[in-house]
Structures are given as C-alpha cells and as structure tokens.
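Here is an informal walk through one protein model. Have the sequence and the 3D view open while you read.

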Amino acid sequence: MARIGRPAGLVLLALGPVLAAAYAGAGHLGVRAAVRAQIADPKWEGGTIDDSGMTSTGTDAWQMILLTALLAGLVALAYLVIGLLLRRPRRGRTALLVVSGVLVLPYTLAFAVALINPARALAGLTGQSGFVAGLPGWQSYAAYLILLGGLAQSAGMVMAAADGRRAAAAKKSQESPQSSAAQAGS
C-alpha cells in the first residue's frame, strides 16, 4: 500500500510548477488574442507595436501575468523541494513544515493577483476596449490553475510527510533490535 502513495505524492508535488507554467502559457495566448483584437479595433489610435507584435497594453499585461506565474512557480518549486525532503527519515521535519506554512502567503498572493486578471485590469485602466473585448472568455479562468497547483501540492505534502513518518518508524524499528542485542552482549 505504501508503494501506491509514493508516486502519487511525487506527481502531486510536481503539479504545482507545471500548472504555474500552464497559467503563464494560457495568459500569453490570451494576451496575444487580445492584442490582435486591439489592433483590429477601429477605435484604436495606432500606438506602438514592438518587434514581437505586442502593443504597450499587451506587453504590460503579459509582464504582470509572467511575474505572477514566476512567483507561483518559485513557491511551487520550494514546495517540491520541501516535499522531497519531508520524505526522508531525518530530523528537521518541523522546520520544513513551518517553512511550508509560511510559503502559503506568497502562493495566496499569486492566486489573488491572477484572480484579479491583470490583463483585463490593465486594459480597463487605460481604456482599451478592443483589448478587453479580445480577451478570450477562458482567460479569466486560468487563475484557477494556480489554485489547483497549490491544492495538489498540499495533498502531495501530506503524502510526503506520511511517507517520511513511515520511513522514520521503519528506521527506528530496525535500530531497536540491534541496540538491544548490543546492550545484552555487554
């Protein structure tokens, strides 16, 4: 039964960085579609377009999405490392769990920023109605990828902690008969 939990826990821990990257990819696709709609909008006054084909609104929106994805991705990588360390039967597990509890704050911040939808918010502030209209409907739901990554990693952390406890108990039970035999021999 323990063999089933190990790969599942690792997969859940790895989902955090993968889903943060998926959020960035979805955000980039959404911003690209919005930029195309902004350029085609008859109300657009013909601002600057950079070498990659992005308008200034598109560039700003993409940078906010990328920074949000990077924050979520870095925290997700930290959770992955902590989860791997928790699986080991060593001391220091309490400190790792405290650090993982503190890391909930930046993960929550990344989700909150993604939920606000930086692309829509920045375009709304600058009055770019063509950009807002060009954002795909699914783009606002991409924020939930970060939430799903965090939830998957929290389940993976629980599995990793349980694996570590089992490994520590097994190590302790193996050491106990040897120490008892050494004490009996002296």
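What follows covers confidence, the core, the surface patch, the salt bridges and a few single residues.

**Ground rules and confidence**

This is a predicted model, so local features need pLDDT of at least 70 and side-chain atom pairs count only at pLDDT 80 or more, while totals for chains, interfaces and linings use all residues. Residues are numbered from 1 along each chain as its sequence is written, and side-chain values use heavy atoms, with hydrogens and water left out.

The average pLDDT (the predictor's confidence in each residue, from 0 to 100) is 85 for the protein, and 90% of the residues score at least 70. Helices here are DSSP runs of H or I with at least four residues, numbered from the N terminus. Among the elements, helix 4 has the highest mean pLDDT, at 95, and helix 7 the lowest, at 80. Then there is the start of the chain: over residues 1-5 pLDDT stays under 50, and the model has 3 contacts for them beyond four places in sequence. A contact means heavy atoms within 4.5 Å. Where pLDDT is low, the predicted coordinates should not be read in detail.

**The core**

A nonpolar core is a set of buried Ala, Val, Leu, Ile, Met, Phe, Trp, Tyr and Cys residues joined through side-chain atoms within 4.5 Å. For burial, the cut-offs are under 20% relative accessible area for buried, over 50% for exposed and partly exposed in between (1.4 Å probe, protein chains only). The largest nonpolar core has 35 residues, and Y23, V31, L86, Y107, A119, F131 and I146 have the most contacts inside it. Helix 1 (2-40), helix 2 (56-86), helix 4 (104-116), helix 5 (118-126) and helix 7 each give two or more residues to this core. Helix 2 gives the most, with 10 residues.

Which residues does A119 touch, not counting residues up to four places away in sequence? Its partners are V31, A61, I65, F131, L135 and Q139.

**The surface patch**

Out on the surface, L29, L115, W138, Y141, Y144, L147, L148 and L151 make a nonpolar patch of about 820 Å². Patches are made of residues with over 30% relative accessible area and no salt bridge, with nonpolar side chains (Val, Leu, Ile, Met, Phe, Trp, Tyr) joined within 5 Å and like charges within 9 Å. Accessible areas come from the Shrake-Rupley method with a 1.4 Å probe, and for residues only the protein chains shown count as cover. Helix 7 (residues 143-185) gives the most to the patch, with 4 residues. Y144 is found in helix 7, and Y144 counts as partly exposed because its relative accessibility is 36%.

**The salt bridges**

Side chains of opposite charge can pair when their charged atoms come close. A salt bridge here is a side-chain nitrogen of Lys or Arg within 4 Å of a carboxyl oxygen of Asp or Glu, and the structure holds 2 of them.

| Salt bridge | Closest N and O atoms |
|---|---|
| R87 and D163 | 3.7 Å |
| D163 and R166 | 2.3 Å |

The R87 and D163 pair links distant parts of the chain: R87 is in the loop between helix 2 and helix 3 (93-102), D163 is in helix 7, and they are 76 residues apart. D163 and R166 both lie in helix 7, 3 residues apart, or about one turn of the helix. Shared partners join R87, D163 and R166 into one network of salt bridges.

Is D163 buried or exposed? D163 counts as buried because its relative accessibility is 4%. R87 is partly exposed at 22%, and R166 is partly exposed too, at 40%.

**A few single residues**

N117 sits in the loop between helix 4 and helix 5. Although N117 is not a glycine, it has a positive phi of about 65°. Most residues other than glycine have a negative phi. N117 counts as buried because its relative accessibility is 5%, and beyond its neighbours within four places in sequence, N117 is in contact with Q139 and S140.

A133, in helix 6 (residues 129-134), is exposed because its relative accessible area is 66%. From A133 to G150 is 17 residues along the chain, and their C-alpha atoms are separated by 30 Å. G101 lies in helix 3; the C-alpha atoms of G101 and Y79, 22 residues apart along the chain, are separated by 10.0 Å.
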